[in-house]
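Subject: Handing over a structure, with notes

Dear colleague,

I am passing this structure on to you, and I have added some notes that may help on a first reading. Please open it alongside the text below.

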Amino acid sequence: MKRFFRAVARHGARAVAFGQQRAVYFGELWRRSLQVRVVVSTLALSSAVVFVLGMVLQNQITNRLLETKEEAAVAATRDAVVVAQRELTGVNYAVDDVRPRLTQALNKLTSSSPNTDTASSSAGTFEPVLASKPPISADDEAMITAGPYADVPESLKHFVENRRLAVQIHTVDRPSGRTTFLIVGAPFGSGQEPMQLYMLYPMTAEQSTIGVVQSTLLVGGLVLLLLLAGIANLVTRQVVRPVRSAAQAAERFAGGELDERMVVVGEDDVARLAQSYNEMAESIQRQISQLEEFGTLQRRFTSDVSHELRTPLTTVRMAADVLHASREQFPPGLARSTELLVDELDRFESLLGDLLEISRLDAGVEELVAEYIDVRPIAVRAAQAVATIARNAGSEIILDLPEDEAAAEVDSRRIERIVRNLLANAVDHGDGHPVRLRMAVDGKALAVTVRDYGVGLRTGEADLVFNRFWRADPSRNRHTGGTGLGLAISLEDARLHSGGLDAWGEPGKGACFRLTLPRRQGVEYTGNPLPLPPPDADVPSADVEPREGDAVRVTVATAATEPEPAEQELEPPAPVWEEAR
């Protein structure tokens, strides 16, 4: 028994699962197919209309058949009353035997065929019943009858006994089966000799007619629904097919096949749609071609100008270095100008380098030279590169690196450039607060966040920080002397690794940039090892202070506590990621 119930439960679960799959499939088909929606909606509305129409027609036909049957039955009963009254005239309850007289009159009714006229003949066959109640009797046991008197319902008898003609439909159980009759009861005779005539008209023919009508309406309704479904499908297909063709052409056009066009057939609305689409596609193709030519010329111009500027820049650099080396012999004002000249030449060289890099990225000629290495030393080198400007800005860079190896398939030069740009940007906007770099890995991704506690970002600026030459506050003093292209190049480098670069910030709470990279090229990642916004997103900038033992510190605290020359590079303990946290 337990095995039986387990089998039933198993098959029930399979049936439920199959039903759920079918429901999901139909739901998806309903959402995606206009043709299915139109056909199903047409079938549903048509079914309702056909059902209502069928019920109305069936009721009308049934009522009409019953009315015709009742009129004919009443007319035939009146004729039969005349015959019965003629046969039973002069019955003497005291002398005559009434039952033989009733039987004789009953035989006369069945043999004389009173249904000779048109109205009576339409009533069909019948079974007559005669009943008479002697004046001295007060109960039904004394009722003298001829014919199937027991088949007459009591409610009809009551009306007839009160000298009223009555009609009733009644179903009788007989040995041959259940039979439905239209029974007409009519009183006749004098008040001293009351008699009753009941005519039982079988409804077999009418029931057969109603069954044929129902079958005809059902079959006709189904055929009509199928025809309507086919018509709706055909009409909808004529409209949907051009729309699908236009959608496919648009998808191919969006995929890069700019020569894709629709076939124009006829002069109807669909043809005008195809013609308008073709005109739009030609216009877009022409504009895209113009933009591609303009972009190519712009990239070539940027590259050519950058290359051409290197020669005079080299000459100016040589002259500036000579002046800078002899600045101690110049007056103070001239010496200061020489230092400013060298600083601006450094920034100019960085700008040219970034312009060349961004032009190569735009041209798509950059290739990823990736190898599977530990990323932690890259973060340390990037922190060392910005240690000097961090010390001058009064900020401290704190590295929070994993204790275990954090390996990924990356281009170390590009990743170091990304981290260096993020650290320099955080120092520049950190207002002297600590800058924290965190790194974490999981099975498929590696993430690096650079968190500062400076001015932060206003609403909507997180999507603008990666634009070229964009600055949140142009009047703000910069510490790094950046070119304005660092974050834009970092974003392109991250995309070249099939990764991402995100930003978060709030006014007064600082900003956080997150770099996410796949650990293996070609393997997509879904989650992220580090959250954004960061866990300390609600901490105000004024409440942030560096804590001893919080993480590995690469730079010496600040310029106030460690006044070293700006040119001196700080070497971290080796290895940095093995220090106690």
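What follows goes from the whole chain to the sheet, the aromatic contacts, the cores and a few backbone details.

Please keep in mind throughout that this is a predicted model. The protein has twelve helices and 13 strands, and of its 581 residues 37% count as buried. Among contacts between residues at least 6 apart in sequence, 67% join residues at least 24 apart.

The sheet

A good place to begin is an open sheet of five strands, which has the order β2-β1-β5-β4-β3 and antiparallel pairing. Strands β2 (144-146) and β3 (166-174) stand at the edges with a single partner strand each, so one side of each is left without a neighbour in the sheet. From one strand to the next, the twist averages 25 degrees.

The pairings can be followed strand by strand. Strand β1 is joined to β2 by three bridges, and within that antiparallel pair Ala 131 stands opposite Thr 145. Six bridges join β1 to β5, again antiparallel, and the bridge partner of Glu 127 in β5 is Leu 200. Strand β5 (residues 195-202) is in turn joined to β4 (residues 177-188) by eight bridges, with Leu 197 of β5 standing opposite Ala 186. As for burial, β1 is mostly covered, since five of its six residues are buried. Helix α2 (residues 34-87) lies across β1 (127-132), β3, β4 and β5, and runs at about 50 degrees to β4.

Aromatic pairs and a charge over a ring

The structure holds two aromatic pairs. In one of them, Phe 126 and Tyr 201 are tilted, at 6.0 Å centre to centre and with 55 degrees between the planes. This pair links distant parts of the chain, 75 residues apart, with Phe 126 in the loop between α4 (118-121) and β1 and Tyr 201 in strand β5. Phe 126 is buried, with a relative accessible area of 18%, and Tyr 201 is buried as well, with a relative accessible area of 0%.

Why does the pair of Tyr 149 and Tyr 198 count as edge-to-face? The ring centres are 6.1 Å apart and the planes stand at 65 degrees, so the pair falls in that class, for which the angle has to be over 60. This pair, too, links distant parts of the chain: Tyr 149 is in the loop between β2 and α5 (154-161) and Tyr 198 in strand β5, 49 residues apart. Both Tyr 149 and Tyr 198 are buried.

Elsewhere, the charged end of Arg 520 sits over the ring of Tyr 372, at 3.8 Å from its centre.

The nonpolar cores

In soluble globular proteins, nonpolar side chains tend to be buried together. The largest nonpolar core here has 41 residues, and those with the most contacts inside it are Val 375, Ile 415, Leu 423, Leu 437, Phe 466 and Phe 513. Its largest share, eight residues, comes from α11. If residues up to four places away in sequence are not counted, Ile 415 touches Val 375, Ile 378, Val 410, His 497 and Leu 517. A second, separate core of 28 residues includes Ala 73, Leu 88, Ala 123 and Met 195.

Helix α9 (residues 376-385) deserves a look in the same context. Its buried residues include Ile 378, Val 380 and Arg 376, and the buried residues of α9 pack against β6 (371-374), α10 (387-393), β7 (397-400), β8 (407-410), α11 (412-429) and β9 (435-441).

Backbone details

Three places in the backbone may be worth checking by eye. The peptide bond from Leu 532 to Pro 533 is cis, with omega near 5 degrees, and Pro 533 is found in the loop between β12 (510-518) and β13 (552-553). Arg 163, which lies in the loop between α5 and β3, has a positive phi of about 65 degrees although it is not a glycine; Arg 163 is partly exposed, with a relative accessible area of 42%. Asp 431, in the loop between α11 and β9, likewise has a positive phi, near 55 degrees, in a residue other than glycine, and at 44% relative accessibility Asp 431 counts as partly exposed.

With best wishes

Conventions
Residues numbered from 1 in each chain as written. Predicted model: local features only at pLDDT ≥ 70, side-chain atom pairs only at ≥ 80, totals over all residues. Heavy atoms only, no water. Pairing = 2+ DSSP bridges. Helix = DSSP H or I, 4+ residues; strand = E, 2+ residues; numbered from the N terminus. Axes fitted to C-alpha atoms, helices over the stretch in contact; angles between N-to-C directions. Contact = heavy atoms within 4.5 Å. Buried < 20%, exposed > 50% of the residue type's maximum accessible area, 1.4 Å probe, protein only. Phe/Tyr/Trp six-rings, centres within 6.5 Å; stacked < 30°, edge-to-face > 60°. Lys NZ or Arg CZ within 6 Å of the ring centre and 35° of its normal. Core = buried A, V, L, I, M, F, W, Y, C linked by side-chain atoms within 4.5 Å.
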